[in-house]
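Dear colleague,

I am handing over the structure below for your consideration. A short account of what was found in it follows.

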Amino acid sequence: MAETYKIVIGLEVHVQLLTKTKLFCGCRNKFGLPPNSATCPVCLGLPGSLPVMNREAFRLALKAALALNCRIASHPGHPPGFTKWDRKNYYYPDLPKNYQISQYDLPFSHDGWLEINVARDPKKEFTPKRIGIIRAHLEEDAGKNTHDESGRGGDTRVDLNRTGTPLLEIVSHPDLNTPEEAITYLEEVRLMLRELGVSDCEMQEGSLRCDANVNIHVPQPDGTHHETPLVEIKNLNSFRAVGRAIKYEAERQYEEFRKDTRGEYRFGKWLKETRGWDDTRGQTEGQRHKEEAADYRYFPDPDLVPVVVSQEQIAAVKAEMGELPQQQRSRLVGQYGLTAYDAGVLTAKGRRTVAYFEAVAAAVGDGKTAANRMSDLIFPALSDRREEIDAFPVPPAGFADFLKKTGPLSKQDRVHLLGHMLDHGADVDRAMEATGIKPQTFDEGTLRAKVAEAVAANPKAVADFKKGKDAAKMSIVGAVMKANRGVPNDVVRRLVDEELAKA
Amino acid sequence: MSLTLDQVRKVAQLARLELAEDDLARMQHQLSAILDYVAQLQQLDTEGVEPLAHPLPVQNVFRDDELAPSLPVDEALKNAPARSGDYFAVPAVFDTTGE
Ligand SMILES: [Zn+2]
C-alpha cells in the first residue's frame with residue numbers, strides 16, 4: 001500500500017567544543033559559572049580588542065569533521081585547505097559585537113556523511129543508511145538571555161559567559177525520513193562526538209542543540225508528488241521532543257495540505273516558516289512572522305586571518321582518532337560473532353566498556369558468552385551501583401575467572417555470587433567459600449533420577465510440552481535447578497529433553 | 001550611484017537606528033557619496049586578476065588553549081546601560097532574530 005505521505009527532515013545540530021577557553025580569547029569555557037564572571041574585552045566586543053583563534057578548538061572541529069567523512073576546505077578557485085571566517089551581522093542583546101564570527105562561503109569542512117541503522121527492528125537487524133552532511137563549520141556562540149516570564153514586560157537579563165565559546169554547526173542533507181531516523185542520527189552524532197572527546201553533548205546544558213527542517217511529499221495520482229512549504233522547528237529540548245515535534249509537524253502539514261483547495265500550500269510559494277515546539281502542549285506554534293527574510297550582510301572578518309589546513313595536519317588528526325562507532329560495531333560482529341544488536345549495545349556504552357569486553361572475551365575465549373554475561377550481570381550491577389565501568393571493582397581478569405568457574409551455575413546463582421564479590425571485595429573462590437554456592441560434583445545417574453522425579457511430579461508441564469509449549473520444558477529445568485543447587489544447567493537441559501522424550 | 005530612501009530606511013532598520021525624515025534625506029546624500037567614492041575602484045582593469053578571499057597575506061595564526069584572567073564582574077558590567085544583579089539588563093526583547 002502506498003504511504004499517505006513521505007516526511008523529509010534535515011537537521012541542524014550545534015555542539016559546544018570541549019576546550020578550556022573560548023574560541024577567540026582566554027576566558028574560561030565552562031557551563032554554570034556565576035553570571036558574567038568569564039568575560040573580557042574580546043568577548044564583550046569592546047573597541048580595540050582583537051580575536052585570536054584557539055588552536056585546540058580548530059583541532060577538535062577538524063576531528064569531528066573527519067569523523068563525519070567531510071572533505072576539508074576543498075573550494076574551487078582557492079588553494080586546497082583554504083578556509084576563512086566571516087561576520088554575520090545582526091542585533092540582539094546576547095551578541096555584544098553586533099556580529100557573530102561564523103563561516104559563510106568557505107566552511108572548513110563540507111560534503112560528508114554518517115551511516116545510521118534504520119532497520120525496522122534495530123534489535124534484530126542492521127540496515128545501513130547514509131545521511132549526507134552538507135557542511136560543518138566552526139563559529140562562536142552567543143550569550144544567554146533570560147526573559148521576564150511574569151508578563152509585566154520586565155527587563156531581559158543577559159549573561160555573556162557563553163559569548164564567544166566555540167561551536168560546531170553540523171548541517172545534514174534532508175535525507176532523514178522518519179522521527180526514529182532523526183533520533184538515531186542524533187544518537188550517533190552524540191556517541192561519536194563524546195567518544196572523540198569533541199563535545200559532551202548534554203542537551204540539558206545546551207552543549208548540544210538541534211533545529212529540524214521538515215516538510216512532507218504527498219504522492220499525486222500522476223506519479224509526481226506535492227511538496228509542502230518548509231518549516232524550521234526550534235526549541236527542541238530533548239531527543240524525544242525532536243521525534244514528537246517531527247511527527248506532529250508532518251500531520252499538521254498534511255492537514256494544511258488537505259484543507260488547501262487552491263493549491264497555494266506548496267514549497268516555493270511560501271517563505272520558510274519558523275515554528276517553536278511546545279513540549280507541554282505537544283504542538284508546534286507559529287512564531288511571529290518576520291517582514292522579510294533575514295539579511296545578515298556577511299563579509300570576511302578582517303581581524304582574523306585565513307587558515308590553510310595541510311594534508312599532514314589531516315593525517316595527524318586521523319591517526320589519533322581511533323576506531324569510530326560504526327567501524328567498531330562491524331569489527332565486534334566480525335571478530336567475536338556478536339549479533340549487530342549486542343555489538344550496538346557495547347559500542348553505545350563507550351570505548352572503555354568495549355575494552356573491558358575485549359579483555360574478558362580474550363580470557364574466556366568466547367565473545368558471545370562474554371557479551372551475554374556482561375549484559376546479564378555487569379550492566380545491571382553498574383546501574384545499581386551508579387558506577388562507571390572504570391570504577392567496577394572486578395577487573396576483566398577477575399570477571400573472566402568468575403565466568404570460567406561459574407559456567408555450570410544458574411543465572412540466579414551467578415547474580416548472587418557476583419553480588420557477594422562486589423559487597424565484600426572478594427574473588428570468586430572466596431565468594432564460593434563464603435556463600436556455599438559452587439558447581440557440585442554430580443553423578444549423572446543420580447541426576448537423571450532427580451529429573452525423572454521432576455517430570456513425574458509435573459504432569460501438567462509434560463502435557464503442555466507435548467502440545468508444543470517449549471516454555472513448559474523450562475519450568476521443569478527450573479524446578480530441578482532449584483532443588484539441586486550447583487548442578488550444571490546444560491546437563492540438566494539435556495536430561496530433561498531425554499526424559500521428556502520418554503514420557 | 002544613488003541610494004533610494006527605502007534602501008536607507010532598510011539599512012537604518014538593520015542597524016537599529018531610528019532616523020527622522022530629515023535625517024533620512026541627509027543620510028541618503030552622505031551614504032551615496034561614500035558609495036560613489038568607493039565605486040572609483042570599478043574603473044580598474046581587473047582582467048586576469050584572481051579574486052582575493054582575504055586581504056592579508058598572513059595565514060594560520062593560533063593561540064594555545066590557555067586560560068587568561070577574565071574581568072571582575074563589576075568591571076565587565078561597567079559599560080552596561082543598566083544592571084540587574086550580576087546581569088546586563090536590557091529592555092524586554094521577544095523577536096528571536098539570532099541563533
Ligand atoms: Zn573573553
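**Strand pairing and the contact between chains**

In chain A, Asp86(A) has Pro300(A) in β17(A) as its bridge partner. Please bear in mind that this is a predicted model. The bridge just named belongs to the pairing of strand β5 (residues 86-89) of chain A with β17(A), which is antiparallel and rests on two bridges. These strands are part of an open sheet of three strands in chain A, ordered β6-β5-β17, with antiparallel pairing. Because β6 (99-102) and β17 (299-300) of chain A stand at the edges with a single partner strand each, one side of each has no neighbour in the sheet.

A further set of pairings in chain A involves β8. Strand β7 (residues 109-117) of chain A runs antiparallel to strand β8 (residues 128-140) of chain A, and eight bridges connect them. Within β8(A), Lys129(A) is the residue that stands opposite Ile116(A). β8(A) is also joined to strand β11 (residues 166-172) of chain A, again in the antiparallel sense, by seven bridges. Here Leu138(A) has Leu168(A) of β11(A) as its bridge partner. As a general point, side chains in a regular strand alternate between the two faces of the sheet.

Turning to chain A as a whole, its secondary structure consists of 15 helices and 18 strands. Its radius of gyration is 29 Å, well over the 23 Å given by the globule rule for 503 residues, and chain A is therefore more spread out than a compact globule. The C-alpha trace of chain A spans about 90 × 60 × 55 Å along its principal axes. Of the 503 residues in chain A, 38% are buried. When contacts in chain A between residues at least 6 apart in sequence are considered, 69% of them join residues at least 24 apart.

The two chains also meet. Chain A brings 50 residues to the contact and chain B brings 36. On the side of chain B that touches chain A, β1 (62-63), α3 (73-76) and β3 (87-90) each supply at least two residues. The most comes from β3(B), which gives four residues. By class, this side of chain B comprises 21 nonpolar, seven polar and eight charged residues.

Strand pairing extends across the chains as well: strand β2 (residues 53-54) of chain A pairs with β1(B) in the parallel sense over two bridges. In that pairing, Arg63(B) of β1(B) is the bridge partner of Asn54(A).

With kind regards

Methods
Residues are numbered from 1 along each chain as its sequence is written. Chains are lettered from A and ligands numbered from 1 in the order in which they are written. This is a predicted model: local features need pLDDT of at least 70, side-chain atom pairs count only at pLDDT 80 or more; totals for chains, interfaces and linings use all residues. Two strands pair if DSSP finds at least two bridges between them. Two residues are in contact if their C-beta atoms, placed from the backbone, lie within 7 Å. Ala, Val, Leu, Ile, Met, Phe, Trp, Tyr, Cys and Pro count as nonpolar, Asp, Glu, Lys and Arg as charged, and the others, Gly among them, as polar. The radius of gyration is taken over C-alpha atoms; the globule rule is 2.2 Å times the number of residues to the power 0.38. A residue is buried if 20 or more other C-beta atoms lie within 10 Å of its own, exposed if 12 or fewer, and partly exposed in between; C-beta atoms are placed from the backbone.
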